[in-house]
Amino acid sequence: MSVEAVAVHHEPVLDAVAYRVTTPSGVVVISGDTRVCAAVEALAAGADVLVHEACRSSALAAAVKGSVFAKIFSYHADTVALGGLAKRAGVRHLLLTHLIPSPANPEQEEAFVLDARKGGYESRASVGRDGMSAEIGGRLG
């Protein structure tokens with residue numbers, strides 16, 4: 001097993017990282033907090049699972065314009081752009097976590113997945129929940 005780490009873009013918060021965990025069963029990449037960036041895309045190339053924070057920035061831009069939330073949204077991963085990243089990287093399963101804004105029901109959770117689809121991602125996508133398992137390399141991990 002090996003673990004790689006790269007710096008990601010979560011400015012103004014510094015020292016944010018993403019990890020790639022390679023096991024005999026498969027590969028999992030965990031973004032940490034970041035906007036969509038080339039470092040995560042390169043790290044996620046061919047990953048079985050990409051666990052990535054997600055913010056509905058595009059969908060809610062007009063609603064948060066001029067507020068403190070606009071600034072917060074600027075340094076988190078837009079779900080539409082994230083869908084594009086996951087597609088380009090060839091990720092088998094996009095697992096969305098640290099959802100901004102926090103969904104109040106299953107329909108609001110599904111909106112995160114639909115945004116990733118708008119970005120072109122067509123493979124498995126889901127919203128992470130406590131205690132959830134994800135498949136890597138044909139096995140549950």
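Just after helix 5, Gly120 takes a positive phi of about 105°, and this glycine is a convenient place from which to enter the structure. The model is a predicted one, in which local features need pLDDT of at least 70 and side-chain atom pairs count only at pLDDT 80 or more, whereas totals for chains, interfaces and linings use all residues. Residues are numbered from 1 along each chain as its sequence is written, and side-chain values use heavy atoms, with hydrogens and water left out.

Helix 5 covers residues 106-118, helices being DSSP runs of H or I with at least four residues and strands runs of E with at least two, numbered from the N terminus. Its 13 residues should span 18 Å at 1.5 Å a residue, which agrees with the 19 Å between its end C-alpha atoms; the expected span is 1.5 Å times one less than the number of residues. At the N-terminal end, Asn105 caps the helix through a side-chain oxygen that lies 3.1 Å from the backbone nitrogen of Glu107.

The buried residues of helix 5 (under 20% relative accessible area, 1.4 Å probe, protein chains only) are Glu109, Ala111, Phe112, Val113, Asp115 and Ala116. Among the elements that cover them are helix 2 (57-64), helix 4 (79-89) and strand 5 (93-100).

The largest nonpolar core, a set of buried Ala, Val, Leu, Ile, Met, Phe, Trp, Tyr and Cys residues joined through side-chain atoms within 4.5 Å, has 26 residues, and Leu82 is one of those that touch the most other members. Helix 5 is among the elements that each supply at least two residues of this core, while helix 4 gives the largest share, 4 residues.

Note on methods:
Buried means under 20% relative accessible area, exposed over 50%, partly exposed in between (1.4 Å probe, protein chains only). Contact means heavy atoms within 4.5 Å. A polar contact is a pair of N or O atoms within 3.5 Å; within protein, one must be able to donate a hydrogen and the other to accept it, and residues adjacent in sequence count only if both atoms are side-chain atoms.
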